[in-house]
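Biologist: I am new to this one, so could you walk me through it and tell me how you know each thing you say?

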There are 6 protein chains.
Amino acid sequence: MDEYKKAEILIEALPYICKFHDQKFVIKYGGHAMVNEQAKNWIAKDMVLLKYVGINPIIVHGGGPEINRAMEKMGKVPEFIHGLRVTDEETLEIVKMVLIGKINGDIVSKLEQYGGKSVGLSGKSGQLIKARKKIQYLIRDNEKIEVDLGMVGEVERVDTKLVDILVEKKYIPVISPIGVDEQNKDLNLNADIAAGDIAGAMNAEKLIMVTDVDGIMDDINDPKTLHRKLTISQIEKMIEKGIITGGMIPKIEACINALNKGVQSVHIVNGKIPHAVLLEIFTEEGIGTMILKD
Amino acid sequence: MDEYKKAEILIEALPYICKFHDQKFVIKYGGHAMVNEQAKNWIAKDMVLLKYVGINPIIVHGGGPEINRAMEKMGKVPEFIHGLRVTDEETLEIVKMVLIGKINGDIVSKLEQYGGKSVGLSGKSGQLIKARKKIQYLIRDNEKIEVDLGMVGEVERVDTKLVDILVEKKYIPVISPIGVDEQNKDLNLNADIAAGDIAGAMNAEKLIMVTDVDGIMDDINDPKTLHRKLTISQIEKMIEKGIITGGMIPKIEACINALNKGVQSVHIVNGKIPHAVLLEIFTEEGIGTMILKD
Amino acid sequence: MDEYKKAEILIEALPYICKFHDQKFVIKYGGHAMVNEQAKNWIAKDMVLLKYVGINPIIVHGGGPEINRAMEKMGKVPEFIHGLRVTDEETLEIVKMVLIGKINGDIVSKLEQYGGKSVGLSGKSGQLIKARKKIQYLIRDNEKIEVDLGMVGEVERVDTKLVDILVEKKYIPVISPIGVDEQNKDLNLNADIAAGDIAGAMNAEKLIMVTDVDGIMDDINDPKTLHRKLTISQIEKMIEKGIITGGMIPKIEACINALNKGVQSVHIVNGKIPHAVLLEIFTEEGIGTMILKD
Amino acid sequence: MDEYKKAEILIEALPYICKFHDQKFVIKYGGHAMVNEQAKNWIAKDMVLLKYVGINPIIVHGGGPEINRAMEKMGKVPEFIHGLRVTDEETLEIVKMVLIGKINGDIVSKLEQYGGKSVGLSGKSGQLIKARKKIQYLIRDNEKIEVDLGMVGEVERVDTKLVDILVEKKYIPVISPIGVDEQNKDLNLNADIAAGDIAGAMNAEKLIMVTDVDGIMDDINDPKTLHRKLTISQIEKMIEKGIITGGMIPKIEACINALNKGVQSVHIVNGKIPHAVLLEIFTEEGIGTMILKD
Amino acid sequence: MDEYKKAEILIEALPYICKFHDQKFVIKYGGHAMVNEQAKNWIAKDMVLLKYVGINPIIVHGGGPEINRAMEKMGKVPEFIHGLRVTDEETLEIVKMVLIGKINGDIVSKLEQYGGKSVGLSGKSGQLIKARKKIQYLIRDNEKIEVDLGMVGEVERVDTKLVDILVEKKYIPVISPIGVDEQNKDLNLNADIAAGDIAGAMNAEKLIMVTDVDGIMDDINDPKTLHRKLTISQIEKMIEKGIITGGMIPKIEACINALNKGVQSVHIVNGKIPHAVLLEIFTEEGIGTMILKD
Amino acid sequence: MDEYKKAEILIEALPYICKFHDQKFVIKYGGHAMVNEQAKNWIAKDMVLLKYVGINPIIVHGGGPEINRAMEKMGKVPEFIHGLRVTDEETLEIVKMVLIGKINGDIVSKLEQYGGKSVGLSGKSGQLIKARKKIQYLIRDNEKIEVDLGMVGEVERVDTKLVDILVEKKYIPVISPIGVDEQNKDLNLNADIAAGDIAGAMNAEKLIMVTDVDGIMDDINDPKTLHRKLTISQIEKMIEKGIITGGMIPKIEACINALNKGVQSVHIVNGKIPHAVLLEIFTEEGIGTMILKD
């Protein structure tokens, strides 16, 4: 391809750069989307480019598979209820060590490697995430019973001051989803939901969920059935009809949570596609599914 | 071309964006390079893109052909000595009306149309360009004689305060090369030289001369003879050898002036090539000629 | 006159200086009031003095007679409907060249000559004046018909950001009344009305119309009939009674427009009187006509 | 006199206003120059006008006659050695009560009355004036003997921070010349000398001594012998020749002190002349004596 | 006592330091509480410590006994009506000289001696206290008659700008309760009431009245009857019942005034107890009486 | 102990609070000094108190014992050469997980629990610590041989920008000693030495080493032999004489490194003593050993 074509492609991005200038995008990233070095590099470069062109990415990451591996190495069996990890004291320690001590730092390093300035944080710093123990109910034998998930929490309040300072000073914050309760105990948070809560508190324009699927599809095996754009009510109907099922449902609930917290649009993109975030933001069609309020 | 390729091209620009972040580039633009609407659009988009990705363009424009046309319409014959326009009172008025009243505003409008914030200025505002009458000598019959060019000046001092404020507030300044002397009389300035003086005063990293030739070539008819990179001393030898001649010489002198005023590199690019400025800055090879100090 | 008297006169200005400290005054100036060098000097000195004593003048200028002269030189016949210049493409070009390329710069130069810092602007810079094509109606044979004035506009929105920055940084902005429409086409604006719109948007305390008459008089030939102070409703009655007629009516409408946009008082003064603006502001009686809301 | 003349006089002040913009002037004022209400009003108005036109007056006041009166009322006899008040504990208390508790507040009130914002200070606040006990020598019978003046000090160090803050926030500081020594004891300072020390520390452009004489004259009874401008060396010769004698000598020494501390010019003016300070600053000739370095 | 204990005591203060961080406390201090050097030192050190640990003390002082002494020295007999000093012209002069010229400066000096930065002010500076003449009524023979207290005022408006600047710049303001009326005449203010007005205007968290009694007691001779905490309505009942009587009543009214002006709590402490202010603020129980709204 | 004594103790701290106001103290803390919850609470409270009284603590922590425990749990045997941990890839992962993922967060939580605002960082964020692989030599059989410690580094450059921002915004930074090399690989750093490098780069006044010994003693079993104050040359003699030996030597070298990097004084204190840091800073004698340059 000749150079002239390249310049035109840069210029094609201009309207998007103008439109999103100075806005905040929360990027939920991690776990299943972090399959290999290459995928990690793609997303890191996308983040740095966004920052340089005047858009402010804030990264919230998960790390389920790596936590599982670490637990197994220590002879513990991961256990989930409704997609939430049952978290005893020892598990919580492993979760924090893997998320904060490993994955967070790896993301920070990649960002700095490609020219970004980045700061790793957990919800423990600067009162970032105040949480409370999550009360989970199950229906068993037509009875609603409370199950104890252990040290699992839900976000109570996000104090954006620290992140605001860092964003303003040109850093890309990378946040591990650990919260702190009133008794100063740490709590393990679901990264998808925490990302939505943070996006809402930060007045983010977009929440972008980097996953390992292309988006919401009528038939998961047929890429042609991918929906480019959906509203909450359309999605609710798809759940009713059984089109959206299983593990996708908690993720969808996290998306709806974000929209209800004030985020303008939520995007589901596939991290295995090169530069999926850029393609979603900087092209007319996008490549994943965009979800809006009705 | 598929979308994935596009994203990669955006990402290829990242190292250049990082490298030139927050720097100032003075772009000399106008006259022969402003051949048609399309060329004007290309350069306007390039400028806006630069601004959005954190590079600060400052535009200095000329307008020779349009001034000639306006003069002819009023029954005046343009006259040049050593590439400088002989400028009587009436000519000066026409020069100002065309430069400030027409071309400057056209450039500003294009920039705003593509999403930039721009302010048109002449050297008259905010003490921007203090000038003095230029004394021009000619050699005739082996005698050095002084010729009176009329209201033609050379830059004495550039007060960068106003431009600094505007750049910092995210505007793209567009400057018409009219200076003011100690008696508050306006003087017509050569745009190439003024651009170099402004670039030096602003501590600009680069001066980019947008012209109607591809750069410095050994044989003007053979694009393969284009020099990608030259130093002042190499250029001086090319002048001695008669490779660079005629109308190119004053332009080359303006380039050397800029380097001597502290600019890191001067670039000559062809405005008739789409997005020539982007290509010169954001590709390894560039497309024109880069001139450096020895 | 002895020096002691002089000092007392300076001191007499003190209460006015205190009262108007840090306020913004929009000065509409130009055209018929710019009769000679001396008148231009008077007003320039007044503006610089205001700026130095802590009052912020913002100048909006016209230039009808000079535009007419330039048009005639080019063999075009100026044509007006209801006081608005019919403006074809070629006329618009002449309007811009004369206003922006000539008159604006002359005012800037005078201000800088007397120690002020000034920046020339048109409505094209920094989204200053967004305009729309003006729809003009005429009554002919008892029928309301629409006439096409060509590229004539009315102000839709004033973005004060650029002017605010310049005022705060101690510059005196000088604005040519050219607006830009949604399609990025330039439009010729009536300077009187534009000045009122700008004054309203800037939260200016006063709009001062520098004209070639002493103010509003019952009998234009008898200076003793000058009104010092009038309200909108008094003026409306004078129009009904036929005391105010002809060319004064559009100017009066511009004054009322300004008051409706939030300006506290509008003043009509005669630019042929030395230092008319100072006298109007810094003396008890004033010398022209002050117009207030009821 | 007609209004037009008045406006011209305002305009005549413009070059001086430009020239002295944003500079600091220390005004020594008080004692013999504060003869009546009218004189106090004149100077207060002059100060407020200076402030409003962008010049920053800093007032240092004395109060000899009022201190004498207060002492006499309390049955104490004022005693001076070489122009310095012998100051025992009780005298110091009276000095502070009169200077800080009475005169300082009177000046502040006048300034506020005429529209200024003013803050009364003594050298005790914010480490403003650190002083040390003054060692005074006398020659008696050809022997140099040390005399104890009691609580009399000389300035050791001026901390300008507090005054800088107030000046920047648009207040006119009024300073009583009381200093504090290392043991935190108050010391009575000579106001003339303290004013020079403060002017030097503040990088003041001018020190203006408001006195009860017209300036330095060859013959004190012949106003025509007034010197408009003198240098230090010219003054030293006048002292040698016996033209300057007696009580004037300490004041002259204070002037020379100020020039040596970096003040550009010192002015002696007569506070009994209406608006003496304005006349000295805003007219070509001035009305008192200006003293410069050689 | 060993060092370890000392560190623990410092740490015990931490919750109070956190709780009151960046808040403003107005301290009414003076007169009867300023019995000796030691008491003055205690309170000065307390103020400086508060400032350094991030709490902002603003001192308002009285000076009744010293004013009485000065008056007697000058042969004048102090006279009070309802606790307010009858103030003729000569008395006002003495009041100002003692308060501003003596006591204020003494407090400033002590604060600076212990490492604080302090500025002495009266209500005359920077429009700090605008006052109006107080109209006082007496009931005599069942008739309400107006008595003329002379130059006695009550606070009309407090302009906090100057004090805000000084507090922000880390100074401790010390304010003498002299106000200025519309005619720019000084007025003598009751220090207790003025302190409440200033506290209200400054949005102070606390007003601390440093007096010469331990607080509000059922039996003034029995320390065990001291009330630690009272509400306005409880106090009103104590007045009804005759438990609070005499000279205490105006002080109590000043406390209630402060609470009504928005202060969160008022504290009465005994300045003769070492570091009474610290003890009241930094211990659970406190040592005086805290008064709250109901 | 009565309350009055308590207040006096607070006041005794005042001169130290004044003296160290706005200074930065780097606190090296961790590992052997973090023996139990109580010790962790003591130091956390000390840090928060310092921050509130205007001193800026910056914490650098180690974690040797906890890393050893984690390694052993995973079946790895810790190995040290010259006090430096031999660090293979797997060990580095464990080091990061324990330091960043566990200890750092625990310290942050304690600080927030006691009212501080804190941010956990590693040298990976914001280019904080650029490091290079450490080349370690051993003398074996009289030959100097290079040993490979694996991923162990030494500090090359500290970029203080991020920490400066956080300190200025009132956060207490807590730093894990992990550096990044030119190839963006993480390196394990010795916490003592890194603390000294950070203290030097931050222009810290003091480096305080919180350890598990009382300081430098002639006889480690006799507290009476503790040195209160030593200079570098005195210490060097003690090493020569064999008084300081073994594991203390690397720590001492880290102290000397800090002094050479510009720190004014280094303190060794025993973290098992309650509030050891406060006692060292806020008492005349201190409780540990202070080391100064000669």
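Modeller: Gladly, and please keep in mind that this is a predicted model. Let us start with a pair that stays apart: chain B and chain D share no contact, and their closest C-alpha atoms lie 15 Å apart.

Biologist: What makes you say that chain A and chain E do not touch?

Modeller: A contact needs C-beta atoms within 7 Å. No pair from these two chains meets that, and the nearest C-alpha atoms of chain A and chain E are 15 Å apart.

Biologist: Then which residues count when chain C is in contact with chain B?

Modeller: There are 27 residues of chain C in contact with 27 residues of chain B. On the chain C side, the elements giving two or more residues are α5 (89–113), β5 (118–122) and α6 (161–168). The most come from α5(C), with 12 residues. By class, this side has nine nonpolar, 11 polar and seven charged residues.

Biologist: How do you know that the copies, chain C and chain B, meet through the same surface?

Modeller: Of the interface residues of chain C, 100% are also interface residues in chain B, so the same surface is used by the copies. A turn of 180° with a shift of 0.0 Å along the axis lays chain C on chain B, with an RMSD of 0.0 Å. In chain C, the C-alpha nearest that axis belongs to C:G101, 1.9 Å from it.

Biologist: And what relation joins chain C and chain D?

Modeller: Chain C is superposed on chain D by a rotation of 180° with 0.1 Å of shift along its axis, and the RMSD is 0.0 Å. That is the relation of a two-fold axis. The C-alpha of C:V53 is the one in chain C nearest the axis, 2.1 Å from it.

Biologist: What makes up the contact between chain C and chain D?

Modeller: It takes 30 residues from chain C and 30 residues from chain D. On the chain C side, α1 (3–12), α2 (14–19), α3 and α10 (276–282) each supply at least two residues, and α1(C) gives the most, with eight residues. This side divides into 21 nonpolar, five polar and four charged residues. Here too, 100% of the interface residues of chain C are interface residues in chain D, so the copies meet through the same surface.

Biologist: Inside chain C, why are β5 and β14 said to stand at the edges of the sheet?

Modeller: The open sheet has eight strands in the order β5-β10-β2-β1-β13-β15-β16-β14, with mixed pairing. β5 and β14 (229–231) each have a single partner strand, so one side of each is left without a neighbour in the sheet. On average, neighbouring strands are turned by 20° against each other, direction ignored.

Biologist: How do you know that β5(C) and β10 of chain C pair?

Modeller: Pairing takes at least two bridges, and β5(C) and β10 (residues 172–176) have five, in the parallel sense. In β10(C), C:P173 is the bridge partner of C:V119. Helix α3 (residues 37–52) of chain C packs on the sheet, touching β1, β2, β10 and β13, and its direction makes about 150° with that of β2(C).

Biologist: Finally, what makes B:V26 stand out in the largest nonpolar core?

Modeller: That core has 568 residues, and B:V26 is among those touching the most other members, along with A:V26, C:V26, D:V26, E:V26 and F:V26. Beyond its neighbours within four places in sequence, contacts of B:V26 include B:I58, B:V60, B:M202 and B:L207.

Definitions and conventions: Residues numbered from 1 in each chain as written. Chains lettered and ligands numbered in written order. Predicted model: local features only at pLDDT ≥ 70, side-chain atom pairs only at ≥ 80, totals over all residues. Helix = DSSP H or I, 4+ residues; strand = E, 2+ residues; numbered from the N terminus. Nonpolar A, V, L, I, M, F, W, Y, C, P; charged D, E, K, R; others polar. Core = buried A, V, L, I, M, F, W, Y, C linked by C-beta atoms within 7 Å. Buried ≥ 20, exposed ≤ 12 C-beta atoms within 10 Å, placed from the backbone. Axes fitted to C-alpha atoms, helices over the stretch in contact; angles between N-to-C directions. Least-squares fit on C-alpha atoms with pLDDT ≥ 70 in both.
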